Amino acid sequence: MFLHNFKYSFLTLFRNKMLIFWTFAFPIILATFFMMAFSNIEKKEQLDIIDIAIVENEEFTNNKILNEAFKVLGDKNSKEQLFNIKYTKLEDAKKLLTDGEISGYLLVKKESTEVIVSTSGVNQTILKQVTDEIIQNQKIMEKIVENETVNGIYNIDYNKIYENAIKTINEAEVRLENVSNKNLSYTMIEFYSLIAMACLYGGILGLSSINEVQANMSNNGKRVQVSPVSKSKIILGSTLASYIAQLIGLAILFIYTVFVLKIDYGSNLLLIILLSLVGSLAGLSIGILVGSGFKTNENAKTGIILSYTMFCCFLSGMMGITMKYIIDKNIPIINKLNPASMIVDGFYSLYYYDTLDRYFFNVISLVIFACILILISIYSLRRQKYDSI
Amino acid sequence: MTVFNTFLKILNKNKFIIIMYTVILITFAGFNMKTSDNRLSFVSSKPDVLVINNDENIGLTKDLIEYINKNTNIIDIEDKKDNINDALFYREVNYIIYIPKNYRKDFLNGLNPKLKIKTTGDYQASLAEIILSRYIKLANIYLNINNNEDEIIKNINETLKSKTNISVTSKLDTNNLSKATYYYNFANYSILAGCVYVICLILSSFREEKIRKRTVISSTNMRKYNRCLMLSNSLLAIFLWLFYVLLSFIIVGNIMFSIHGLLYIINSFIFTICALSLAFLIGNIITNKNAINGIVNVVSLGSSFLCGAFVPIEYIPNSVLLIAHIFPSYWYIQNNEIIKTLEVVNIDTLKVIFINISVIIGFMMLFTIISNIISKRKTKTK
Amino acid sequence: MKNIIEVKNLTKKYKNTKAIDDLSFNVKEGEILGLLGPNGSGKSTTINCILSLLNFDSGIIEIFGKKMNTNAYDIKEKIGVVFQEVAVFNELTVYENIDYFCGLYIKDKIKRKEYIEDAIKLVGLEDFKKYYPKQLSGGLLRRLNIACGIAHKPKLIFLDEPTVAVDPQSRNNILDGIKKLASEGATIVYTTHYMEEVEILCNRVIILDRGKIIASGTNEELKLLTKIEEKVIVEINDLDEKYINDIKKQNNVDSVSYNDNNLVIYFKKGKNNIVSLIEYLKKENIIYNKIYSMVPTLNDVFLELTGKELRD
């Protein structure tokens, strides 16, 4: 009996094109869009080699320090290359700037060095900072020379001092140790929120199957209710069928995102599966609650789940990850009650953190969330006789 | 008139959808456009940096922090649980500097102690690193010359004073133009999702098999009927467009009153009309309301993501942009981006914009022709 | 004959209105009981109460001699229900739908298969086994609805207005099917507001109005309840009021009505009333087009008992 009902619930779900589109196809389509739009963002946000021009006039040629420094910074074979430099006449530099081919150009004058840019921006700031540094190095030279002279060495070998100064500048070592966490790709959040969306959309499956077996919700339910099968058996079978359908959809989404889109969910496969299971359970519980608690037609109920899911996903960063961060930081309680956010945060903690306490906090929150919703639903599901149909 | 009245009734039932997409537009437009002054002089970009100082805040350490403070945005984050790591991941800070205990002492003793840092690895972080490295380099150099702390600080600050002169050539109000571009790019989604969806729903109500049959056999002139339906929907689209334009005056502000603003408005108008023809096409092909919901979602999200309505267009891979050419949104957004950087407005510079607009009009005609063919076929065969 | 269903003093209230008011009746083995009444008279509510779908305020319901409740699976096993609304899965084919609902009763797969084939044959859907409900016309859908309810060969069948909005061909098919089920030994409770169906189909009729039984018995018994025995209809153009009053005063006439050029005269007794009427018309020189006599229908019974028509 259980199997019989299970089989047909399953069949019914899979033949419903609407359901399959929203729970199976839509997340996959969206994932593809995300991939297309986001795949380059982080690469582009890294510091690129900046196109600049230097006006090749007498002053520049004579300024040894500037000359040398930009030679190093513009060296195509060096790992340290920062600029792609074009040495041009002033008119050409101006034209390059208006055409937007360079971020700015350097014009060395007798009394000052000038950087000309078209707008403010990060590249422009870097150009300015670097030029500042080179000019400051000139200053340092003067200081060093001054210092040596003060030290009372009369036999001044300017060449030697000069060499020493350059050596001092070059040898000044900046010791920084990068202790950043390895996984810093924030676009992952988009994909995690997508998984969360798929989990919660799965609730529509639960909704649909629970609707079909309640006498006060659908005509089919009346028929089921007058049959000699206990209601709990039927509901369990239908619910399980929709849960498994949900998991199949999720598995397809995972396979697609992992193998086609190359999304990184961290390395702990078992924990990922656990999170997906409880995430789907949360979605299922929403479906059951809406299916048993609201008495409207099925389309309206589906609408409730779709918009609730979208709202939850919005809060958990699907339309811009800043949203999740702002809420986490300022009104954390909202995201502690938001199943989408719990799922996203669970994946995030697996991906970003080495410790698991935050992950398990999210998993347990999801289980509690699901249990509360299911308990509320059971209250109305337990009824077998109704005051009105 | 009957048609128009019915139209208004159906529209009234669907008003929630329009309100929803408008709210989304306002939320995101407002959310993503931080206000900043409009200055034509150079403004250094300042990366967001967090300094965690475990050393005494005196002498060299103090001066380093002051220097960082001057050249970056110092972000203050409570050092609690995962706060700091979260802030780095969500890019509230680009760069975190940990100053260890006894840093100053060790440094003055020539040990050149290590600074621990955390970085997001983007260009903001690179800039922060350039800024930080400079100071330490200078400190190291002056330490070699003279290890008196006060002297070192004095020398460093003196050196830092010498700067390049920088001048900005562009007379464009880049900041506000970016805002306007952002707004109109995002409007691509609102127009496609909201306007097209509602029009499709209205059309599908009118085109439902039984209702369609009833109107075909009624005494109403079919041509007149269709024209009235078309007019009502056009009115709706234009009304929505006007509403979004007005909204842009409120959200974006003064820049909308310039020639650039006018170009944004013209561009969005052409696009709205194109969206209208797309709505007619979809509404003609599909009458199942559930299917319309799915298709409009896929079309609007797809063209918004692929063409750069959500993500700045320079971040989108070239291969994707190549595909994006098949959407009218691509040409519309291209135009917005061109307007943003338009220095001089003359026939020459406007040529590109006109070409893009003609492409959008081309799409519009294509959609109209196809939907006419389909609509004719349907009236006859069924 | 023993009672299959016994309903005693059933009362069901919706807020302040009584949907069923102290209803008592029983259904005997092998009979086809018609529950007749206008829309909203409490037919469906009664059935839903009997089936333990609805809570009721008071009363006792026994089926097969046992008290009915939601967990009385041994009782439910022997019941088949065809609801007023079509209750099938749109995603399942005709065959699968029947299999699903039948499967809730019959676990043995081989037996089930046989039963499903029988049901399909009974309602005449042999050519549509692989069709989805959306592809079926209204009448065929109703037939599927019936097949889903009776495939498990129940001993007791409830049919709640199974022929609403059905084309004549499908209706005949459905009525034949029900007769066949009865001939195979099933007890049937049939609700409808089409009196013609009741007259063709049912052994016994209960007429409900506003949740109360206003009459019950066989067709003939019910008709005896009325004072009238004959109804004569005469088509006369523009009949003067004077004549109508004259006719009213005649022997045996119970009541007279004149609408749309149709004069309807109800006679209390006798069979030769039409002769005296014709004589009267001749005498008064009234020209008439058509004149015919009818035995009263259940509708007339209902009309007389409640003062309103069955079909509203």
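Let me begin with a pair of residues in chain C, where C:Lys231 stands opposite C:Tyr266 in strand S13. Please keep in mind throughout that what we are looking at is a predicted model.

That pair belongs to a longer ladder, since strand S11 (residues 230-236) of chain C and strand S13 (residues 262-267) of chain C run antiparallel and are joined by six bridges. S13(C) also pairs with strand S12 (residues 253-259) of chain C, again in the antiparallel sense and over six bridges. Within this second pairing, C:Asn259 has C:Asn262 as its bridge partner in S13(C). S12(C) and S13(C) together make a hairpin with two residues between them, and in the turn C:Asp260 has a positive phi of about 50 degrees.

Let me turn now to the sheets of chain C. One of them is an open sheet of four strands, in the order S2-S1-S4-S5, and its pairing is antiparallel. Strand S2 (17-28) and strand S5 (66-67) of chain C each have a single partner strand, so one side of each is left without a neighbour in the sheet. Between strand S1 (residues 3-14) of chain C and S2(C), which run antiparallel, there are eight bridges, and if you would like one place to look, C:Lys12 has C:Ile20 as its bridge partner in S2(C). As general background, the strands of a sheet pair through backbone hydrogen bonds, either parallel or antiparallel.

Another sheet in chain C is open as well, with six strands in the order S6-S7-S8-S3-S9-S10, but here the pairing is mixed. Which strands stand at the edges of this sheet? They are strand S6 (79-82) and strand S10 (212-217) of chain C, and each has a single partner strand, so one side of each is left without a neighbour in the sheet. From one strand to the next, the twist averages 15 degrees.

At the S6 edge, four bridges join S6(C) to strand S7 (residues 156-160) of chain C, and these two strands run parallel; there, C:Val82 has C:Leu159 in S7(C) as its bridge partner. Across S6 and S7 of chain C lies helix H5 (residues 138-150) of chain C, which runs at about 165 degrees to S6(C). Helix H11 (residues 298-306) of chain C also packs on the sheet, where it touches strand S3 (32-36), strand S9 (204-209) and S10 of chain C, and its direction makes about 140 degrees with that of S10(C).

S6(C) comes up again when we ask how chain C meets chain A. In that interface, 27 residues of chain C are in contact with 24 residues of chain A. On the chain C side, the elements that give two or more residues are helix H2 (73-76), S6 and helix H3 (94-103) of chain C, and of these H3(C) gives the most, with three residues. By character, the residues on this side of chain C divide into 17 nonpolar, five polar and five charged.

Is H3(C) mostly covered or mostly open? It is mostly covered, with nine of its ten residues buried, and the buried ones include C:Glu96, C:Asp99, C:Tyr100 and C:Phe101. What do these buried residues pack against? Their partners come from two chains, namely helix H1 (2-15) and helix H11 (219-225) of chain A, together with helix H4 (109-123) and H5 of chain C, and that H5(C) is the helix we met lying across S6 and S7 of chain C.

Stepping back to the whole assembly, there are two pairs of chains in contact, and chains A and B share the most contacts. Chain B and chain C, by contrast, do not touch, and their nearest C-alpha atoms are 14 Å apart.

Chain A is divided into domain 1 (2-41 + 185-381) and domain 2 (48-171), and the centres of these two domains are separated by 58 Å, taken over C-alpha atoms.

Chain B has 15 helices and five strands. Its C-alpha trace spans about 100 × 50 × 35 Å along its principal axes, and its radius of gyration is 29 Å, where a compact globule of 382 residues would have one near 21 Å. Buried residues make up 41% of the 382 residues in chain B. Finally, among contacts in chain B between residues at least 6 apart in sequence, 78% join residues at least 24 apart.

Definitions and conventions: Residues numbered from 1 in each chain as written. Chains lettered and ligands numbered in written order. Predicted model: local features only at pLDDT ≥ 70, side-chain atom pairs only at ≥ 80, totals over all residues. Domains from an automatic or database assignment. Pairing = 2+ DSSP bridges. Axes fitted to C-alpha atoms, helices over the stretch in contact; angles between N-to-C directions. Contact = placed C-beta atoms within 7 Å. Nonpolar A, V, L, I, M, F, W, Y, C, P; charged D, E, K, R; others polar. Rg over C-alpha atoms; globule rule 2.2 N^0.38 Å. Buried ≥ 20, exposed ≤ 12 C-beta atoms within 10 Å, placed from the backbone.
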